[in-house]
Structure formats: C-alpha cells, structure tokens
Amino acid sequence: MKGRRIWSCFMVIIILSCKEQNIEKTENKETVLAQSLVDYVNPLMGTDSAFDLSNGNTYPAIATPWAMNFWTPMTSKMGDGWTYKYDENKIRGIKQTHQPSPWINDYAAFSVMAITGDLKYKEDERASWFSHKAETVKPYHYKVYLADYDVLAEVAPTERAAHFKFTFPKADQSYIMLDAFFKGSMVKIIPEERKIIGYCRNNSGGVPNNFHNYFVAEFDKDFNINHTWGDGWKLIENSKENEGEHVGAIIGFETKKGETVHVKVASSFISPEQAQLNLNREIGNDTFQQTQIKAKNAWEKELSKIKIEDDNLDHIKTFYSCLYRVLLFPRKFYEFNEKNEIVHYSPYNGKVLPGYMFTDNGFWDTFRAVFPFFNMMYPELNSHIMEGLANTYKESGWLPEWASPGHRDCMIGSNSAPIIADAFLKEVPNIDVETLFQAILKNATTSEGRPLSNGKEIRSVGREGIDYYNKLGYVPYDVNINENAARTLEYAYADFTIAKMAEKLGKKEIAKTFYERSKNYKNLFDPTTKLMRGKNKDGSFQSPFNPLKWGDAFTEGNSLHYTWSVFHDIEGLIQLMGGKSEFEKQLDHVFTMPPEFDASYYGFTIHEIREMQIVNMGNYAHGNQPIQHMIYLYNYANAAYKTQEKIREVLTKLYAATPDGYCGDEDNGQTSAWYVFSALGFYPVTPGVNQYVIGSPLFKKATITLENGNEFVINAPENNQENVYIQSASLNGKTYHNSYLDYEVIQQGGHLDFKMTSTPNKDWANSNDEVPYSLSKE
C-alpha cells in the first residue's frame, strides 16, 4: 500500500518494445539501460503453498519463455512436488526442473550445490540456511546467500542450458556437487577437461524405457578433489565415475576470498553429444553477465508486446507476473542438431525424429484462456505447437490431454479438440489440418487401443465412456465411470468445436452430426433444480442429489460450478432455466449463498474446496478452472454491469504479485491467463468462436502489439478503484454497444475506448442483439 500511495501521484508509463529500449552494445557486451518490464515480475508469486492450501502451487522458474529446461532452488527433498516452499528456510541445491505442477511432479531433474568446510553431500546435511532478504529472484537471474557456507550462488538461464556463478570465501576446502537424483543416474568426472558428464532418468510416468536426460557441466577452475557417491549415499573417495539408482559427483578446490567459480551446464534428451552441442551453441564463451542479459532481453521481447499505462504499481506488477507465467508452458521439447535441424526425442515411442514437440501441459486447464491468448498474440508459436500435436498423434496414435513429458493419466475431457479447432478457425499458419482433424475425430468416435501406463489404459486419453456418450447422449452415472456429468459437458463443447472446424472444411455431414451432439448438455439439465445432474443409464437422474457435493459426477467442483460449462450455447442454457431473469438469479445465488460444501466423495476437504471457502465469495471457486468463465455469463442475460462489478472484485481481491498471490492452483498459465485477459478488459468464453466477452478493464491504457504489426489500444482514462462500470464505449471513434469484441477487430488494430463510472449503466449492451454468440441463436 505504501508503494501504491507514492505512485498514485503520477502516471506510470512503461517503456515497452525492445526497439524503444536504450541498449548499449560494446565488444562482447550488451547492456539494457532502460526500465525493464521483466523487473516488475515476481517469480515468487504463488510459492507460499502447501498440499492442503494452494496460493498458486508455483515455484520460481528461472528460465526463458517456453524453455526446455527451467531452474529453481530446492527447499524440499528430492521427489517432493512442492520443491520450493516460501516459508521454508533451507536450500538443498538449485535444480534443473521440468515440473508443470506439484500434482504431476518432476522428471529429468538434477541439482547443483556449493559448500565449504567439512564435506556434506547428503541432501539433509548439505542444506544451508537462507533468507528471502538475501535472495534475488528474477526470471532471468537467481541469487541467494548460502549462510552456512558464506557462498553466494547465482544462476542465469538459456533455453537448454544455464550459467552458474559461485562466489566463495577463503577456504581450504570448497566443493561443488552435482546430484543426479534417484530412479537411475550416472556421473563421470573428467578432471583434465574440467567437466562432469552423466545422465538422470527420474520421472513420474509418461516416458519410454530408453528415457535419459544427458547433462554436461563445464567448470572454469581445476579440481583438486574428485569424489562420487553411490546408492545409499555411499561416498567413494577419489573416484571419477559412478552409476546406479542414485549417484552424484563432488569436485573440490581451495578458494580465495571473493573468488568466483563459473559452471556452464546443459542437457539433452537425445544424447551426450547433443547436450554438449546445446551448451556450445547457447552459452559457448559467453560471460555470466552476457548470459543473464540475453535471458533478460528474451523476456523483454515477449513482455513488451503489451504496454500498460496506469498509476497503480501493484496492479502493474501483478499483470506482468501473471504474463510471465502464461509464457512458461507448454515447454519446448525439441532441440537443434549439428545441422541446425529441429529434432526431438519422442516421449511417446523413444525415437529421435524431425520436427517440433512441446510438452508439460494439461489441456483441461489451458484450453480456456492460454491457447486463445497464443492465437491472439503468438500465432507462429501456436503453429509450432500444432505441429507438435500432429507429431504426438503420429508417434502415439492419440492426441495428448495431459503430457509430462508423454501421456499422463490425469484429468478428464477431450480438450485437445477446442485447442486445435480454435487455432484452425483463427487461421494459425501451417497447420497439418488433415492429420489433426483425423485425430480429433478419432477421439470422438473410439477409445479402443488407448496407450498404457503400468499395464493399464490411460483413461484420460481419448474419451472415457465414448460409446455410452454417442449412443445415449451422455455418460451415465451408474456405469462405473467417474466424473461422468463433467465428461458429458466437456465432450459436448468439444463436439461443437469439431463441428465448427468441419463446417469450415466443407464437411457438411460431419458438421451436422457434431452440432447435434454438442446439444447433449441438455440431457443432464434437471428442470426441477435448474442445475446439471448425473443421469443413470436408464434415463433417470441420480438420486440422492446434492448440488454442493464436489466430485462424484463432477471434476474438482460441484453442480453449481459445472452447470455453466455450456461454453458454446449459453442462450440454450438460459432457455432451459426459464429465461434471462431466472438465469441471472441462478448466477447471483452462487455468489450470495454461504460457502457450503460436501466433501464426502474425497473423504477429506481437498485444497480446491478450502480455497473457495475462505475468500468470502459464496460458492464461486475461482481457484479452480471449471467456473472461471462464469462471471462473464451475466453479459448473455443483458446484465453486463454485474460482470463488470465481479470481474473487478476478482482482479483486485484474489490476485497480487506476492507469495500468496493466487487463490488456487496457477496451473500452467491458465489462472494467470484469466487475469491477463480480464485486466485488458475481455475474455474468451468460447474458444472456437471469433469473440471475446467484455468485462471491466483494469488499466487506464493498454496497448497490444500484435504479431502482424498492428496495435490495438484499450483506453479507460477515468479508471480507478471506484470506477469499475462501463458508462459507454466506442470502437475506432464509433459508439459501441455490444458486450463482446470480435477477434478480427483486434487483429486489424484500432482503439477501444471506455468511459468508466462508479454507477452501473444497466442500459449498456442491454438488447438481445448486443450479447455474445450462442449456438441456439445461430
């Protein structure tokens, strides 16, 4: 609040594009002199989390955008998904990580740690006290004081490598160790080359039998000591090589006070030679400062595509901290071979193949806003992701729904379909339409031959219950398929996006079939409660029915949350509920009722429930994805002022650039993408449709620089804490009454101007033709 008062005296204008930055270049040196947007980012946002309460469930990702490897300090034990907990006070090492979520956990991880004095290499013993007061955390640079050893440890990232810098005290015995972790590893010390090479194989599933992460670490100081440890933490002195379940390498030397030792580290999923190639190509002879500046400029390039002008510094920090999270996943899982060709190790069949591959994403989360953001801002990137999806289908026979790095048995739905269809409909270039359309049709017609994990089918790949769904129009409650109502609703929406894609491809019969199937949501609507409800195979509704019961027929939510999952036909849902007035009352009820719940399906109160309970917004559970679009639905009932009011409340109450800054799992950029879109003033309720639904812009001015070179500017000069309502709007100088915005309008560039006020204007966007798209109105 102190910073907010100081900055309220004048407008904060952020210098945005790299072209506008004052960059001084000298021989072998690049220095960014202008104010950097990346320095508004707080990578610690969301790190104050635990199993039973998530404030983000994030870790500080020291990385470049969409990098193959991230780096993060470890406060927790090897294998703990909560690898960095803000309230812990010891660091065990800085690890290479690929973890997308603590629930999915990590793979291909290893760590680097420096100590002085008596040799301590076991992870509990080597851990050093540290303080956030002596910690610098930027996306492009991490620095921490290891108090037990008087060592300053730093790291700067590239896409596939990292540059470490350790500043030592005067010591007769200083050590750097590489922990190759459990589940299979190898290390080899090569003193004459000042190198450690090896591999790690740790994973949490979704890998072929030949999975390895090969690493190379190059030092700029000779070794006086070299040890390894083997299984059971058994130290083998004066050894250079070890292989087993869990091994590590230790090198040592004398150091002078203030002496720096640099370590350049890279890895590859392809081969040891490729790891060396990645290191040579991405760092080579660069200094630590050069590596750091390159990483910083990589972030500036991406963050600078959205320029914010406002007088609230806290909101600016939150915006860029969220945008940073949106630009981390999915991860680039490809490399450049000696001919500079794009190749990837396939996490599906274990072969090295040409072309793009991306991973570490759960589409159940990210179809909602992350991929629509890419389609708006990054069509070229998304074309590469689409090629990666086509390659996944070719290599495994299925589209991914949760990949880390290969198919994982997590979550439900068929949400690869809206991601592919939306990219195609938004004319993302160079899409393998034939392969991808074949793939989404396969998902929608059969589940036979799904990939295996530990000898069992991965039920999240394809569509669980597809035969029931296609025959009955829903997945029954009483056929031993969990979360059946949620599956039905998500399949129906996916069918709508398939129909849209088929229609544009001229496949009229397929389009007709899937448009009809997209109406299957109606089969679960219970007119007596005006809610979605599980239905038995014989056509009767499940009984007893408790709309407050989480799980069971639904996924990480209850009927009050999933009833709104009719993304493509809100008008149809309005009609089922008895009209706009009843629809509006049902929306209101979610917010005005107490945060009551039934957790009996789980046997304990899961963290998603607790996060809903404690924020004092009734049964609105913004901390989880199923309901995040719900506030925007007031627009469809000509009550856009209620959307504006509640959007602004969520933006300012549930988000902050602080360690407890999220209200639930961040989830691969989705909860952050909700903030980024909503702070700009609009949101993609229906991916697969060319519209965004208007909310309440947070800033006085936002300038979006699109990939085609056009700029779209959102102006709201009267915006402040009280002026949350839209009094009027104009688009390119003409009065604008619609509560939605077309994709093409943004891409063409222009100005959207809002006059904001503290009093609701109930007449704005209040006619039937001023509301967003619904299938029933088509």
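**Exercise 1. Annotated regions and their secondary structure**

Find which residues the UniProt annotation "domain: Glycosyl hydrolase family 92 N-terminal" covers in this predicted model, and work out how much helix and strand the chain has there.

*Solution.* Start with the record: the unreviewed UniProt entry places this annotation on residues 40–268. Next, look at the secondary structure over that stretch, which comes to 2% helix and 46% strand. Finally, take the two end C-alpha atoms of residues 40–268; they are 32 Å apart.

Now repeat the steps for the other annotation. The unreviewed entry also carries "domain: Glycosyl hydrolase family", on residues 274–757. Here the chain is 40% helix and 14% strand, and the end C-alpha atoms of residues 274–757 are 58 Å apart.

**Exercise 2. Two domains and the interface between them**

Using the domain assignment, locate domain 1 and domain 2, then describe how much area they bury between them.

*Solution.* Step one is the bounds. Domain 1 is put together from 32–60, 312–335 and 657–777, while domain 2 is 62–304.

Step two is the distance: 36 Å separates the C-alpha centres of domain 1 and domain 2.

Step three is contact. With heavy atoms within 4.5 Å as the cut-off, 34 residues of domain 1 touch 44 residues of domain 2.

Step four is area. The size of an interface is often expressed as the accessible area lost when the parts come together. For this pair of domains, the buried area is about 3,500 Å², with 61% of it on carbon and sulfur atoms. On the domain 1 side, Tyr59, Arg331 and Glu335 lose the most area to domain 2, and together they account for 21% of what that side buries.

**Exercise 3. Polar links and the make-up of one side**

Count the salt bridges between domain 1 and domain 2, and say which helix gives the most residues to the side of domain 1 that touches domain 2.

*Solution.* Begin with the charged pairs: there are 3 salt bridges between the two domains. Glu159 and Lys332 also form a salt bridge through their side chains, at 2.6 Å from N to O. Widening the search to polar contacts gives 23 residue pairs between domain 1 and domain 2 with both residues at pLDDT 80 or more.

Then turn to the elements. Both α5 (313–326) and β23 (331–332) supply at least two residues to the domain 1 side. The top contributor is α5, with 4 residues. By residue class, that side holds 21 nonpolar, 7 polar and 6 charged residues.

**Exercise 4. Unusual backbone angles**

Most residues other than glycine have a negative phi, and most peptide bonds are trans. Where do the cis bonds from Ser404 to Pro405 and from Ser543 to Pro544 fall, and what is phi of Asp360?

*Solution.* Take omega first: it is near -15 degrees for Ser404 to Pro405 and near 0 degrees for Ser543 to Pro544. Pro405 sits in the loop between β29 (402–403) and α9 (416–425), and Pro544 in the loop between β33 (531–532) and α14 (559–562). Last comes Asp360, whose phi is positive, near 65 degrees; this residue belongs to the loop between β27 (358–359) and β28 (361–362).

Methods:
Residues are numbered from 1 along each chain as its sequence is written. This is a predicted model: local features need pLDDT of at least 70, side-chain atom pairs count only at pLDDT 80 or more; totals for chains, interfaces and linings use all residues. Side-chain values use heavy atoms; hydrogens and water are left out. UniProt positions are given in the numbering used here, feature names are shortened, and annotations may be inferred rather than shown by experiment. Domain bounds come from an automatic or database domain assignment. Buried area is the accessible area (1.4 Å probe) that two parts lose on being put together, summed over both. A salt bridge is a side-chain nitrogen of Lys or Arg within 4 Å of a carboxyl oxygen of Asp or Glu. A polar contact is a pair of N or O atoms within 3.5 Å; within protein, one must be able to donate a hydrogen and the other to accept it, and residues adjacent in sequence count only if both atoms are side-chain atoms. Ala, Val, Leu, Ile, Met, Phe, Trp, Tyr, Cys and Pro count as nonpolar, Asp, Glu, Lys and Arg as charged, and the others, Gly among them, as polar.
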